[in-house]
Structures are given as C-alpha cells and as structure tokens.
Amino acid sequence: MHPLRRVLRAHRCLRWRPLASVSWLLLRTGRASCNLSSTTCPSPERQQEHGVQKDFSSRLATGPTFQHFLRNASVPQENLSSLDVEDPPPYLTVDQLLGRQRKVYLETYGCQMNVNDTEIAWSILQKSGYLRTNNLQEADVILLVTCSIREKAEQTIWNRLHQLRALKTKRPRSRVPLRIGILGCMAERLKEEILNREKIVDILAGPDAYRDLPRLLAVAESGQQAANVLLSLDETYADIMPVQTSPSATSAFVSIMRGCDNMCSYCIVPFTRGRERSRPVASIVEEVRKLSEQVLQLIHERDNICKQIHVPAQSGSSRVLEAMRRGYSREAYVELIHHIRESIPGVSLSSDFIAGFCGETEEDHLQTVSLLREVQYNMGFLFAYSMRQKTRAYHRLKDDVPEEVKLRRLEELITVFRKEATKANKTSVGCTQLVLVEGHSKRSSTDLCGRNDGNLKVIFPDVEIEDVTNSGLRVRAQPGDYVLVKITSASSQTLKGHVLCRTTLKGSSAYC
C-alpha cells in the first residue's frame, strides 16, 4: 500500500481517538494501519470482494461536500448540539455522550479569556446534560481551566492537583468515579507531562477543543485517559452562547477574537492559543443582544435596580442619523423603545438630542419633534450642535445650519420635550412611591430631595415621620433612607408630594 494512502486510512479510523498531540497522531498512524480490524477499516481488496468498490467519480459525487467541513456560525446552538449527539464516534453510543445529570465543578485560573473559556465549556456541557455545582465534595467531574503565562500560574495548578488527589482516592465506591480534567493553556503546553506525571488527571482539553468535552468525558468513563489539544485555525466558538458561571456576577465580557499573531519574545500565548482569528461580527452582535435582554429582565425583576434607561437618539431623522454615523434608523430606534417598555412596564426613559447638525433640514427637525412626541421621554438633554475639531464631521461635513436657526430649533425641541415630559410625569400624581433620600432641596432648606424608582427627582417636606421598622418611633429622614411619598404634583423635571413614613427597600413592596 502507498505510504500516504496508509496514513490517510489510519487517520480515518483514529479520528475519534483521544489525542495528546499532533506528533503523537503522526507517529501512531504507520503502526495503526497494520493492526486495525478489517471490520472497522476494510481494505480495498475486501471491498472488491464484496462488490462495493466504486469508481472515483461516483464516490466523489456521494461523498461529503466542502460545506460539510465548514462550521457555519449562523447555525443555532441547539442544532449543533443535537448533531453532535446524533453522530457519535463509532466506539461510543449517544447515551454515553450524555452527562446523565452528573455534577461538574469548575475552577478558573488566569486571565479574562479563561473566564470566557469557562463559560463556553459550561455551555457545551450543560447542553449535554451535565449539572453545575459549587460544592467540591458533591462533584462528579472537576475541571480546572488553567493558565501558562507564568511559571507561578502553572505551579498553582500542580499544587491544586495534589490537593485533589486525596479527594479522588477517598471517593466512596458507592458513587461514580470522580473525573478530573485540565483545560486551557496548560493542557496545551504540558500535555504529555500532565498525563504521565499526574495519573489522577483523566482528560485534557486545549483552548480549541471544548466542543469535544462530552466525548472526552465519555472516554474517561471507561478508565482511559483522554486528550484533545489540537489547535485550530478557525475555531472561535461563534455559535456558542457563553453561560455565566457566577450567579452573582456584576459584569459580563464578550470575546471578539482568539489566539495571537504578535509573537512577543517573552509570551507563550501564540503557542498555547494558536493563530489569531476573529469572530464573525454577526455572532458578536447576537451575544451582545442576548446580554442586553438579560439586563432588561434583571431590571424588571429586581427592586434594588432603578427602572430607568438612557437611550440617546440624537435625531429623529434617519437621514441625519446616517450622516451622524449612528448605525440605526428612526424605525429601529422606535422598535427598541417599544421593546424596552414591554420588558419593563413603567420604565423611565431619558435621551440626548442635537439641534442643527450638519445638513439638517427643516423636515429633519420636524421628524425629531415628532419623535419627542411619540416616545414621551421623562428626562432629556438637548443641545445645539457645535463643530468639534478632529471629528469626522469637521473634516468631511459642512456646518451649514445658521446659529440662529440652531437656537430656534433647540427652543422648539425643549418646549415639546417639557410638554411631553410633564404629561408622562403627571401619571404619577396620586401614587405612593418609594424614594431614596439624597439630601436637602437646593431651592428650599425646609424640603428634602430624593429619587424614585424611575430616577426622577422627588421633593417633599423635611418633617418628622413614622419609622415603620420601629413601631412608635418618629424620625427625620436622612440621606440614604428610603421613604414613602404620595405624589401630589408633577412638572417636566420634578415630582412633589407628602412624605408618609420611613421604610426599607424590602418593606416597601406592601405599600407601592
């Protein structure tokens, strides 16, 4: 048999075998081709005997197309997950690839990219039927997402593995065996050393091999060590929505690229994370959109988050918005406003507007006026345009709206805004609202000022009030206190009312 043909045949039969490195695969192919069972990888002679040998053209026509080998970032996550399960390697069943509600404990070391890797890995495992645990003692799988940027970072992992050794050896036989995995940069850099030095490690997965985690864990169930540390030229996990691993996280990061091509003389990253490749813009936008949806839901659900969103419009004219390079049309902006109001009933909206931008016509101005009437903002920040040096407008556009026209248009916008904001704010008259006290009113030392749930300013008398958390106690509200105020009047900028009592954020729900 031709040597190249032998290598190709062996690779087809070994493509699902856990690999520690590319070199390991190449060294094994020559030997493996001589020992493989004919039922797994039949020879051309055997195929001829059974009459299944086809000519090259017919096999090419019925074989996989070029698209078969490409990952399409637009394919939904659910479809990818189901395809992975429906097309298991020949030595595993679909059931073996499922997590069967085994509990995974994840530890993350190193940079923010590793935090993102942890969220990607957990997203993949979650779809395969694994559960998450924050209790090390109840875990069935422990995965360490590792860093190799410095020697100290790697030493931390070696020390952690020594600690986990006792946990694994003392595992009761009545429970499923504990599996330990090393993920990320250290798995890529020290593959053979980890497998040989630390026999307690069951799986290795490099930064580009997280999709393979269900298979690696399935192989480890048989008692074998399993590894995939092959770097990729195109893997970006663009179709996988990361799942935040910390329920108390106050921020989220969106990864837009992987790998690095800079080859700084001191840095290991290009060798552990591979060549630089960027995610498709569409997948980045989709992830940000989903994060935004989560933020809207959180604002709606949590009483301790102000129900106010700043949505700068700048103009109500799609033509002017394009000249401003804002990236959206009037129609898209209005659709967003409707979605926000559906997601957060009673939300307070604020916005920014510019009067007299370069090339703005009277018709463009009237469209901005109509947008103010349509949306009915609670707060607004409106200004006449002033050209700034170094901006794109300074170099490419003409500041052609006369100053007196700018000021006239600004006054018209302010008048309409105040009228509509007053209408919006008057809907609060007669309602009892929770107010966070900020201090004395700037206009009166006998009044206090605070903010309601929509971030609107509320003015009320500084008088003794009942403290509902201490029956019979009368107090004067202090900055930082929560008070209940019955709204009696409203303007475009403030609400006024009578203070009823001092309360707490939790206790106020019974009154509001």
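# A walk through the model

Start with the whole chain on screen: the protein chain holds 17 helices and 18 strands. Keep in mind that this is a predicted model. Of its 512 residues, 43% count as buried. Among contacts with a separation of 6 or more, 67% join residues 24 or more positions apart.

**Stop one: the largest core.** Select Val 104, Leu 125, Leu 143, Leu 183, Ile 203, Tyr 210 and Leu 213. These are the residues with the most contacts inside the largest nonpolar core, which has 27 residues in total. Now colour the elements that each give two or more residues to this core: β1 (103-108), α6 (112-127), β3 (141-146), β5 (203-205) and α10 (213-220). The largest share, six residues, comes from α10.

Zoom in on Ile 203. Which residues is Ile 203 in contact with, leaving aside its neighbours within four places in sequence? The list is Leu 143, Ile 180, Gly 181, Ile 182, Leu 213, Leu 216, Leu 217, Ala 220 and Ala 226.

Before moving on, pick out Ile 299, Ala 355, Leu 371 and Leu 413. They are included in a second, separate core of 26 residues.

**Stop two: helix α6.** Go back to α6 and look along its length. With 16 residues at 1.5 Å a residue, α6 should span 22 Å, and its end C-alpha atoms are 23 Å apart, so the two agree. Next, select Asn 114, then everything from Asn 116 through Leu 125 in α6: these residues are buried. They include polar names such as Asp 117 and Glu 119 as well as Ile 120 and Trp 122. Step just past the end of α6 and you reach Gly 129, with a positive phi of about 100°.

**Stop three: helix α12.** Select residues 281-301. This helix, α12, has 21 residues and reaches 30 Å from its first C-alpha to its last, close to the 30 Å expected at 1.5 Å a residue. Which residues of α12 are buried? Show Ser 283, Ile 284, Glu 287, Leu 291, Leu 296 and Ile 299. As you look at their spacing, remember that an α-helix has 3.6 residues a turn, so residues three or four places apart point the same way. Now add β9 (308-310) and α14 (330-343), which are among the parts covering the buried residues of α12. You have met one of these buried residues already: Ile 299 also belongs to the second core.

**Stop four: a pair of helices.** Show α15 (residues 362-375) together with α17 (residues 403-426). Their axes come within 9 Å and cross at roughly 15°. Angles under 35 degrees count as roughly parallel, and α15 and α17 are therefore roughly parallel to each other. Their crossing is right-handed. To see where they meet, turn on side chains. From α15, show Glu 362, His 365, Thr 368, Val 369, Leu 372 and Arg 373; from α17, show Arg 408, Arg 409, Glu 412, Leu 413, Val 416, Phe 417 and Glu 420.

**Last stop: two loop residues.** Select Gln 376, in the loop between α15 and β11 (379-384). Gln 376 has a positive phi of about 60° although it is not a glycine. Is Gln 376 buried or partly exposed? Gln 376 is partly exposed, with a relative accessible area of 25%.

Then jump to Asn 455, in the loop between β13 (447-451) and β14 (457-461). Asn 455 is not a glycine either, yet has a positive phi of about 65°. Asn 455 is partly exposed, with a relative accessible area of 26%.

Key
Residues are numbered from 1 along each chain as its sequence is written. This is a predicted model: local features need pLDDT of at least 70, side-chain atom pairs count only at pLDDT 80 or more; totals for chains, interfaces and linings use all residues. Side-chain values use heavy atoms; hydrogens and water are left out. A nonpolar core is a set of buried Ala, Val, Leu, Ile, Met, Phe, Trp, Tyr and Cys residues joined through side-chain atoms within 4.5 Å. Buried means under 20% relative accessible area, exposed over 50%, partly exposed in between (1.4 Å probe, protein chains only). Helices (H or I, at least four residues) and strands (E, at least two) are DSSP runs, numbered from the N terminus. Contact means heavy atoms within 4.5 Å. The expected span of a helix is 1.5 Å times one less than its number of residues. Axes are lines fitted to C-alpha atoms, for helices over the stretch in contact, and angles run from 0 to 180 degrees between N-to-C directions. Angles under 35 degrees count as roughly parallel, over 145 as roughly antiparallel, 65 to 115 as roughly perpendicular and the rest as oblique. A crossing is left-handed if the near helix is turned anticlockwise from the far one by less than a right angle, and right-handed if clockwise.
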